[in-house]
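Please explain how this model is put together, going from its charged pairs to its helices and its surface. A guided reading in continuous prose would be most useful.

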Amino acid sequence: MKELFLANLNQIIYTAVVILVLLIIQSIMKKAANRIGKQSEIHVTRIRLMFKYINILVTIIAIFLLALTWGYGAEDLALIFSSVFAIIGVAMFAIWSILSNITAGIILFFSFPYKIGSRIKIHDKDLPIEAVIEDIRAFHLHLRTLDGELITYPNNLILQKAVSLVAKETSADEGKDAL
């Protein structure tokens, strides 16, 4: 056991350094996403969704760096990653709308001007919608119409349609007299 440890001491040290650096980078990215979310008054569930995306990104980077550390050549990793991404690419082509909704969800996280509780109007020629935003998810928005109907609206469509703000979200303190 001791010989095995000593024989792989460099890889163990590099592994520890890679994990430490990636944990620091992950922490910095999460703090940045949290800060942006709070400054933009983004709902906590959307911030947690960004945390999931950050975790996935850091995990992929960790797998790549640790494989290099433990002796896999760049050519081997390139072959593995290109094969995996080719399979994922074919799968995503088959389900491209899911990928576009995830991408739109990321864009909505950083630049969507409306919040949960805002009443919006989606200007669609065929089916105009006026509703209150109940939730913003990775793939879709939950909208509640004035009639009480729940509509799930895809994120990629909300970026393609004109949307106007009818009424801002109401807070619990709104309407109270100042002391």
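Arg119 counts as partly exposed in this predicted model, its relative accessibility being 28%. The side chain of Arg119 meets that of Glu130 in a salt bridge, with 3.2 Å from N to O. Because Arg119 belongs to strand S1 (residues 119-123) and Glu130 to strand S2 (residues 129-136), the pair ties together parts that are 11 residues apart in sequence. Glu130 is likewise partly exposed, with a relative accessible area of 27%.

This pair belongs to a set of four salt bridges in the structure. Another of them joins Asp124 and Lys161, whose closest N and O atoms are 3.5 Å apart. Asp124 is found in the loop between S1 and S2, and Lys161 in the loop between helix H6 (155-160) and strand S5 (162-167), so this bridge ties together parts that are 37 residues apart in sequence. Lys161 has a relative accessibility of 29% and therefore counts as partly exposed. A further salt bridge links Arg144 to Glu134, with 2.7 Å between the closest N and O atoms. Here strand S3 (residues 140-145) supplies Arg144 and strand S2 supplies Glu134, so that parts 10 residues apart in sequence are tied together. Both partners count as partly exposed: Arg144 at 29% relative accessibility, and Glu134 at 36%.

The reader may now turn to the helices. H2 comprises 31 residues, and the distance from its first C-alpha to its last is 45 Å, close to the 45 Å expected at 1.5 Å a residue. Which residues of H2 are buried? They are Thr15, Val18, Leu22, Gln26, Ala33 and Gly37. An α-helix has 3.6 residues a turn, so residues three or four places apart point the same way. The cover over the buried residues of H2 includes helix H3 (44-69) and helix H5 (96-111).

H2 also contributes to the surface. A nonpolar patch is formed there by Phe5, Leu6, Leu9, Ile12, Ile13, Tyr14, Val17, Val21, Ile25 and Trp70, which together have about 890 Å² of accessible area. Two elements, helix H1 (2-7) and helix H2 (9-39), each give two or more residues to this patch. H2 gives the most, with seven residues. Tyr14, one of the patch residues, lies in H2. H2 thus has buried residues, among them Thr15 and Val18, as well as residues in the surface patch.

Where does the chain take a positive phi just after H2? It does so at Glu41, with a phi of about 55°. Most residues other than glycine have a negative phi, and most peptide bonds are trans. Glu41 has its positive phi although it is not a glycine. The residue is placed in the loop between H2 and H3, and it is exposed, with a relative accessible area of 57%.

Beyond this loop comes H3. Its 26 residues should span 38 Å at 1.5 Å a residue, and its end C-alpha atoms are 37 Å apart, which agrees. The buried residues of H3 are Arg46, Ile47, Leu49, Met50, Tyr53, Ile54, Val58, Ala62, Ala67 and Thr69. After H3 comes Gly71, whose phi is positive, near 105°.

Leu77 offers a view of the contacts between H3 and the following helix. The residue is placed in helix H4 (residues 74-94). Is Leu77 buried or exposed? Its relative accessible area is 4%, under the 20% limit, so Leu77 is buried. With neighbours within four places in sequence left aside, Leu77 is in contact with Phe64, Ala67, Leu68 and Tyr72. Of these, Ala67 is itself among the buried residues of H3. The C-alpha atoms of Leu77 and Leu65 are separated by 9.9 Å, the two residues being 12 places apart along the chain.

Finally, the confidence of the prediction should be considered. The chain has a mean pLDDT of 82, and 92% of its residues reach 70 or more. Over residues 171-179, however, the pLDDT is below 50, and this stretch has one contact in the model beyond near neighbours in sequence.

Notes:
Residues numbered from 1 in each chain as written. Predicted model: local features only at pLDDT ≥ 70, side-chain atom pairs only at ≥ 80, totals over all residues. Heavy atoms only, no water. pLDDT = per-residue confidence, 0-100. Contact = heavy atoms within 4.5 Å. Patch = residues over 30% accessible without salt bridge, like charges linked within 9 Å, V, L, I, M, F, W, Y side chains within 5 Å. Areas by Shrake-Rupley, 256 points an atom, 1.4 Å probe, with all protein chains shown as cover. Helix = DSSP H or I, 4+ residues; strand = E, 2+ residues; numbered from the N terminus. Expected span 1.5 Å × (residues − 1). Buried < 20%, exposed > 50% of the residue type's maximum accessible area, 1.4 Å probe, protein only.
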